[in-house]
Amino acid sequence: MFPTEFPVLETERLVLRQLVQGDAPSIFGIKSDPETMTYMETPPMADVSEAAASIASEAEGFAAKESLKWAVTLRGHGRLIGVCTLFRISAESRRAEIGYFLGRLYWGNGYNHEALTRIVEYGFGELNLNRIEADLDPQNLASAKAVRRLGFVDEGLLRERWIVAGKVSDSLLVGLLRSEWDSQARSQSSSHPLL
């Protein structure tokens, strides 16, 4: 069930909250970095107004019950380190796509896994989704590793699907079913019984 108010999600080290216009400079700082944007479907941002427009667009997506885009912030001081989203939400098919990016300074610290785990829990729990999928550049090995660690499986390759700034790339489609997620949770709880 799609929420009437934007959900704030928390983990041990992170608070995931709604994006606000004040986040535009931080988003621009991340998405203007060519290395961060190497495998994205858009080129690096050239102006902070692009970040402001994307935040406004997300507010429209939430109002239309089509997307939830969280600012990933560090617990304690609220610094925005990235963004995670569930989008193209289909209530009828109980399906959504997941997307994410982190600022390069925060790579390799487990923040992405922590945020994505909480969002997948939310998607299969509160949103009652049956399927979550992602579209990845197959050369983005770190991103593929992140979703596979959550249990996503490769489902297909679309050749030369994207052309970004003249560069052609393929799409690796991955998916995770609620039944698979529930099965993982059961196996983890049975392998760590309470003493």
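Colleague: Which residue of β3 does Leu16 stand opposite?
Modeller: Leu16 stands opposite Val72 in β3. Val72 also has a bridge partner in β4, namely Gly82. This is a predicted model: local features need pLDDT of at least 70, side-chain atom pairs count only at pLDDT 80 or more, and totals for chains, interfaces and linings use all residues. Residues are numbered from 1 along each chain as its sequence is written, and side-chain values use heavy atoms, with hydrogens and water left out.

Colleague: What makes β2 and β3 a pair?
Modeller: Two strands pair if DSSP finds at least two bridges between them. Five bridges join β2 to β3. The criterion is met, and the two run antiparallel.

Colleague: Why are β3 and β4 called strands?
Modeller: Strands are DSSP runs of E, at least two residues, and helices are runs of H or I, at least four residues; both are numbered from the N terminus. β3 covers residues 68-74 and β4 covers residues 80-90. They pair in the antiparallel sense over six bridges. Trp70 has Cys84 as its bridge partner in β4. For Thr73 the partner in β4 is Leu80. Five residues lie between the strands of this hairpin, and Gly76 takes a positive phi near 105°.

Colleague: What does β4 pair with in β5?
Modeller: β4 and β5 (residues 95-102) pair in the antiparallel sense over seven bridges. Ser90 has Arg95 as its partner in β5. Their hairpin has four residues between the strands, and Arg94 in the turn has a positive phi of about 55°.

Colleague: Where do the edges of the sheet lie, and what makes them edges?
Modeller: The open sheet has eight strands, ordered β1-β2-β3-β4-β5-β6-β8-β7, with mixed pairing. Its edge strands are β1 (9-10) and β7 (153-164), each pairing on one side only.

Colleague: Why is β4 called largely enclosed?
Modeller: Buried means under 20% relative accessible area, exposed over 50%, and partly exposed in between (1.4 Å probe, protein chains only). Nine of the eleven residues of β4 are buried, so the rest of the structure largely encloses this strand. β3 is mostly covered, with six of its seven residues buried.

Colleague: How do you know that the span of α2 agrees with expectation?
Modeller: The expected span is 1.5 Å times one less than the number of residues. For the 16 residues of α2 that gives 22 Å; the end C-alpha atoms are 23 Å apart, which agrees.

Colleague: Which residues of α2 are buried, and which are exposed?
Modeller: Ala51, Ile55, Glu58, Gly61 and Phe62 are buried. They cover an arc of only 115° around the axis, which puts them on the same side of α2. The arc is that of the directions from the helix axis to the C-beta atoms. Glu60 and Ala63 are exposed on the other side. The cover over the buried residues includes β2 (14-18), α1 (24-31) and β3.

Colleague: Why is Glu58 said to have no salt bridge?
Modeller: A salt bridge needs a side-chain nitrogen of Lys or Arg within 4 Å of a carboxyl oxygen of Asp or Glu. Lys and Arg count as positive, Asp and Glu as negative; His and the chain ends are not counted. The nearest side chain of opposite charge to Glu58 is Lys69, 4.6 Å away. The criterion is not met, and Glu58 is buried without a salt bridge.

Technical notes:
Contact means heavy atoms within 4.5 Å.
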